Amino acid sequence: MTRLGLLILLLLGVLPAQGSSPDEPSALVPPTLAQDAPARLPVGHVLDGPVSVELELTLDEAGEVVEARVIGEPPAALARSALHAAPHLRFHPATSQGHPIAVRVPFTYRFEPPPVEDTRAVLTGRVRAKGSRKPLAGAILRTDTAMVEADAQGLFRLELPPGAHALRITAPGHRLLYLTETLEARQRLEVHYTLEPLAVNPYETVVRADRPRTEVSRVTLHEQELREVPGTMGDPFRVVMLMPGVTTLASGLSYPVVRGVQPAASAFFVDGVRVPFLYHLMVGNAVVYPDLVESLDFQVGVPSARYGSLLGGAVDAHVSRPREEGLHGSAYADLLQAGAFLEVPIPETGTTVAAAARVSYTGLLITRVVNAVNAPSTYTAGDGTVYRDGGEPKVYADYWDYQARVEQRAGQGQLRLLALGTSDAVGLTSRESQNHNEGGVGLLFHRLDLRGRHPFEGAKPRWA
């Protein structure tokens, strides 16, 4: 008996492996596929459904296909394609007690028809009444192969094969409409149909008007507009100074005031958080770093109730949304100040951290020049005594600010922590060490805002 025949008997459980007792199972490991060789569907061959071709493969000790035989009577073209692909199959060889052996194994090739390409076109639109243009809810659109009913807004959607289609549109109380639409493959066509009423009231008049506004006026500026308006030097808040109906307390003073109301009737906000003042030293840059502002709302007149009892207007800067890919940052320095902005996403925890800070060194440059002019003087009397006058008071002026934003994903919701603060100081200080009299003004504030949102029962409640 050949080794191949012995293996077949072993696989059938007729003979035990050599050196084993009749009760001891033989250590047979069947072959496993190592490299597939798909069979191609013959060109021009049309399948009504999946067809399987059964083969019997003879494998040698190396797992190579040395013979392939068709089992049954499959279509001749498919059998030839399967026999052509079978020799390219590769197997991990079968083993008997650790030694590779030759075997015969069944193998099936499954031929399936190619997927049918979807060439249907989509016809969408709205059905209205002629004259009043009211949506016709329940209007019926029919073709030879499809039918659809318009919804409460008169909207409909039909998927049709390419070609010419005769449409018939009906609605109670309106004349029947016949028309033909020609559609191309995968085309999406939007149309508007109007049906003529059967009876028209000659005394009926249709008046159309814009929906009334819920607020007097609101102007929203976005990032590109805030950065590119001439004369603003890249400061988003200075754009408000250029809008109609806005003036200032004095020329050059960066404090927007709505004409016709008191200055105290306007207020400034950062994402709904009110800040006491908007500009450093009343003439410098805004207290919020420009790269942290994404858009700005300016409400003229009486703002909405969420801003409180304001009568003049509200300037609300919206903090930029977090960017979840890559580091983003900027920095600058000029004769008066230096600032930097950095945004760091942490994808592993769903966290995004952004921070910005600015510091003025006017106290190191400009104030030193002013104080040098008013430096104290000394002189020596005839008896050798040295006298020193107090000189003029020492001038100081400096400021700094910071902002930080932390966004954290919490399940399907989001948490955000916003912190911002600033400090301005300007005044006079005596030069004499024994004289502690000082005169000056200091402006300082800190704000901390925590907000969250999470979907609940189809709604998206927010808290702050």
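## Salt bridges at partly exposed positions

Arginine 90 has a relative accessible area of 28% and is therefore partly exposed, a class lying between buried (under 20%) and exposed (over 50%), with a 1.4 Å probe and protein chains only. Glutamate 64, at 30%, is also partly exposed. The two side chains form a salt bridge with an N to O distance of 3.3 Å; the term denotes a side-chain nitrogen of Lys or Arg within 4 Å of a carboxyl oxygen of Asp or Glu.

The model is predicted: local features require pLDDT of at least 70 and side-chain atom pairs count only at pLDDT 80 or more, whereas totals for chains, interfaces and linings use all residues. Residues are numbered from 1 along each chain as its sequence is written, and side-chain values use heavy atoms, without hydrogens and water.

## A buried salt bridge

Arginine 358 and aspartate 401 are joined by a salt bridge of 3.2 Å, N to O. Arginine 358 belongs to strand E25 (residues 351–360) and aspartate 401 to strand E28 (residues 394–410), so the pair connects parts 43 residues apart in sequence; strands (E, at least two residues) are DSSP runs numbered from the N terminus. Both residues are buried.

## An open sheet

Four strands make up an open antiparallel sheet in the order E11-E10-E13-E14, where pairing requires at least two DSSP bridges between two strands. Strands E11 (147–149) and E14 (177–183) stand at the edges with a single partner each, so one side of each has no neighbour in the sheet. Strand E10 (residues 140–142) pairs with E11 over three bridges.
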